[in-house]
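I opened the notebook to log a few lookups in this model. I wanted ligand contacts, ring pairs and some buried side chains.

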Amino acid sequence: MRKKIVAGNWKMNLGQEEASALVGELKDKIDSHNNRKKSQANGMPEVILFPPYPYLTRTVDVFGHYENVHVGAQNCHHEEKGAYTGEVSAGMIKSTGASHVIIGHSERRSQFGEDDKLLASKTSQALKNGLTPVFCCGEVLEEREKGDHFKVVADQIREGLFWMDKSQLGNAVIAYEPVWAIGTGKTATPEQAQEMHAHIRKLIADTYNEDVANDMSILYGGSCNAKNAAELFSNPDVDGGLIGGASLKPDDFFHIILALEEA
Ligand code: PEP
């Protein structure tokens, strides 16, 4: 089902106490908002928090029983288990009570050499273990300047996701994150975001069908913040955001959640 989602990617940030403080502040804000909204049909959008691995269990302990808040990991290994020192499997993530995993973030692609084939194995591991993959795609600046951005994103999605059947794809979320906008303070314009999201939806419709495409949640990521979120979310094919820097600031992150709720 197509959902409105705000996801927070904390990356490799926050000490344990800071992480607990962030979770506590978010909990207070979400609780009071949920209480105010109880009698209204149109509740808060879905929120997914992606803390570093060591804080998964603690975050699940706080939010595990919430209907509209989920917890996920920022990555998983492409094998079930084995001699992979320092790695974490999808099954281990699932066992913490987490429900989602980010696959193919541009930082994993560029810093750890994760290619489309490997990412397809990771999405497969995620699904096998009952995790919802949040699959990231996006072009670098040079590709956009050459006019290759639509093809680059289509290729990433074809390789990473289109091995799935309809029902499997229905269990995934896509995040379009132009690499030139991640952590740079340079946001895609609402028009740029909308045209890429529409392109992705059409690609899904052409490969599967209209229903599958219309059910897909496609998030925007890349310097989305409390100031620009409302405008980005006002686009018909933008179903929410994957938020990096601003997800570490509870007031800003909550403001982004409210912007999506009102969109
Ligand atoms: C991200 O890391 O997915 C991201 C979008 O980061 P930022 O919001 O900081 O650009």
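My entries follow, with the ground rules at the top.

**Ground rules.** I am working with a predicted model, where local features need pLDDT of at least 70, side-chain atom pairs count only at pLDDT 80 or more, and totals for chains, interfaces and linings use all residues. Residues are numbered from 1 along each chain as its sequence is written, and side-chain values use heavy atoms, with hydrogens and water left out.

**Ligand.** I listed the surroundings and got 14 residues (a heavy atom within 4 Å of the ligand). The closest are Lys11, Glu177, Gly183, Ser223 and Gly245. Next I looked up polar contacts to the ligand (pairs of N or O atoms within 3.5 Å; within protein, one must be able to donate a hydrogen and the other to accept it, and residues adjacent in sequence count only if both atoms are side-chain atoms). The side chain of lysine 11 places an N or O atom 2.7 Å from a ligand oxygen. For histidine 105, a polar side-chain atom is 2.8 Å from a ligand oxygen. Glycine 245 uses a backbone N or O atom, 2.8 Å from an oxygen of the ligand. I then checked cover: the ligand alone exposes 290 Å², and the protein buries 95% of that (Shrake-Rupley method, 1.4 Å probe).

**Rings.** I found three aromatic pairs (Phe, Tyr or Trp six-membered ring centres within 6.5 Å; planes under 30 degrees apart are stacked, over 60 edge-to-face, the rest tilted). Phenylalanine 162 and tyrosine 208 are edge-to-face, at 5.2 Å centre to centre and 75 degrees between the planes. Phenylalanine 162 sits in the loop between helices H7 and H8, and tyrosine 208 in the loop between H9 and H10, so the pair ties together parts 46 residues apart in sequence. Helices are DSSP runs (H or I, at least four residues), as are strands (E, at least two), numbered from the N terminus. Both ring residues are buried (under 20% relative accessible area; exposed is over 50%, partly exposed in between; 1.4 Å probe, protein chains only). The values are 15% for phenylalanine 162 and 18% for tyrosine 208.

**Glutamine 156.** This residue is in helix H7. It is buried, at 8% relative accessible area. Its side chain reaches the backbone nitrogen of glycine 138 at 2.8 Å. Its contacts (heavy atoms within 4.5 Å), not counting residues up to four places away in sequence, include Arg109 and Asp116.

**Isoleucine 174.** I placed this residue in strand S6. Its relative accessible area is 0%, so it is buried.
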